[in-house]
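Thanks for sharing this one with me. Here are my notes, in the order I would go through them with you at the bench.

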Amino acid sequence: MLMVMLQWKEEVDFGTIMCWADNNVGQQKEPCVFHLIAAGKPEIPSNCTVVNQTSDSLEVYCLEGFDGGLRQWFLLEIFDQQTATLQANISSKYPVISVTGLDSGRFFKIFMYAINVKGRSDPVLLEGYTLKAAEKQTVALTSYKGSQTNIELTPILSVGIFVGILVAIVCIGIGTIAALKIRSHKQQQKYQHQNQRFSRPDNLQIKDKSSLPLSHTEDSRYDEKKNDEKNPDVVPYKE
């Protein structure tokens, strides 16, 4: 086992170290190669993107660079573009940081750093925003005692009220149409009943008239006509 302790005074002293081992059989042909690099600040994160932006939160996603030979972590700072005030300052082991509790409808400047004990990298500058929250409306209702009560109308409540009114109008329309149809049907039945009550034989159809009994005059005429048909050669005698 071989242990070597090295100490460098300047950065130019860093480089490549090669070592060989030998024994009674011979010497190692291919040396062991070590590249020594001076520890320093980490590299700037890359491919940073702002994602998942809501009315009060957002998320920054980056790819980490070289850590400078030391353990690194990441720092996210968010500033309001209009007031330049610091809105968030969050550190993380990983280059994926979520921020919540932001004001809605605001634009931000975002700075992402990689940090180790030697210092921090140059920042990655991003721009982000939060969505505008749904506007809330307040309606003042006056009770029968004269006191006022404020009711907050959210978009969901407004849609519910509109749907309720629409359903009520449709139900009223259907009820009105049904009532008119029932009334018309009753009037039609009443009219038919009156016609049946005051109807006379003259109002019957032709096929119905044939079944009615003949009057006395019509019977005598019918008998004479029948006799003439039976005796066509008989001529009536007149004095």
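The points below start with confidence and overall make-up, then turn to the cysteines, the pocket and a few single residues.

1. **How far to trust the model.** Please keep in mind that this is a predicted model. The average pLDDT of the chain is 78, and 68% of the residues reach at least 70. Over residues 135-145 the pLDDT stays under 50, and the model gives this stretch 21 contacts beyond four places in sequence. Residues 206-210 also have a pLDDT below 50, with three contacts beyond near neighbours in sequence.

2. **Overall make-up.** You will find three helices and 12 strands in the chain. Of its 239 residues, 16% count as buried. If we look at contacts with a separation of 6 or more, 48% of them join residues 24 or more positions apart.

3. **The disulfide.** Which cysteines form a disulfide? They are cysteine 48 and cysteine 62, with sulfur atoms 2.0 Å apart, and the structure holds one disulfide. Cysteine 48 belongs to strand E3 (residues 46-51) and cysteine 62 to strand E4 (residues 57-63), so to speak a link between distant parts of the chain, 14 residues apart. The torsion about the S-S bond is about 120°, which makes the disulfide right-handed. Both partners are out of the way of solvent by the usual cut-off of under 20%: cysteine 48 is buried at 16% relative accessible area, and cysteine 62 is buried at 1%.

4. **Cysteines to tell apart from that pair.** Why is there no bond at cysteine 19? The closest cysteine sulfur, in cysteine 32, is 4.4 Å from the sulfur of cysteine 19, and that is too far for a bond; a disulfide here needs sulfur atoms within 2.5 Å. Cysteine 19 is partly exposed, with a relative accessible area of 27%. Cysteine 171 is partly exposed as well, at 49%.

5. **The largest pocket.** Cysteine 19 comes up again here, as one of the residues that line the largest pocket. The others in the lining are Leu2, Met3, Val4, Met5, Leu6, Ile17, Phe34 and Leu36. The space in this pocket is about 190 Å³. How does the lining divide by class? It has nine nonpolar residues, no polar ones and no charged ones.

6. **Proline 31.** This residue lies in the loop between strand E1 (16-19) and strand E2 (32-35). Proline 31 is partly exposed, with a relative accessible area of 22%. Leaving out residues up to four places away in sequence, it touches Met18, Cys19 and Trp20. The C-alpha atoms of proline 31 and methionine 18 are 5.8 Å apart, although the two are 13 residues apart in sequence.

7. **The loop between E9 and E10.** Two residues are worth viewing together here. Serine 121 sits in the loop between strand E9 (119-120) and strand E10 (124-129), and proline 123 is in the loop between E9 and E10 too. Is serine 121 buried or exposed? Serine 121 counts as buried, at 6% relative accessibility, whereas proline 123 is partly exposed at 36%. Apart from residues up to four places away in sequence, serine 121 touches Pro42, Glu43, Ile44, Pro45, Tyr113 and Ala114. With the neighbours within four places set aside, proline 123 is in contact with Ile44, Phe111, Met112 and Tyr113. Proline 123 and glutamate 77 are 46 residues apart along the chain, and their C-alpha atoms are separated by 9.8 Å.

8. **Two asparagines with positive phi.** Asparagine 47 has a phi near 50°, a positive value in a residue other than glycine. Asparagine 47 is in strand E3 and counts as exposed, at 55% relative accessibility. Asparagine 52 is not a glycine either, yet its phi is positive, at about 50°. You can find asparagine 52 in the loop between E3 and E4, where it is exposed with a relative accessible area of 53%.

Technical notes: Residues numbered from 1 in each chain as written. Predicted model: local features only at pLDDT ≥ 70, side-chain atom pairs only at ≥ 80, totals over all residues. Heavy atoms only, no water. 1 Å grid on protein atoms, 1.4 Å probe; cavity = no way out; pocket = protein on both sides within 12 Å on 5 of 7 lines; lining within 4 Å. Points joined across faces, edges and corners; volume = space filled by probe spheres on them. Nonpolar A, V, L, I, M, F, W, Y, C, P; charged D, E, K, R; others polar. pLDDT = per-residue confidence, 0-100. Contact = heavy atoms within 4.5 Å. Helix = DSSP H or I, 4+ residues; strand = E, 2+ residues; numbered from the N terminus. Buried < 20%, exposed > 50% of the residue type's maximum accessible area, 1.4 Å probe, protein only.
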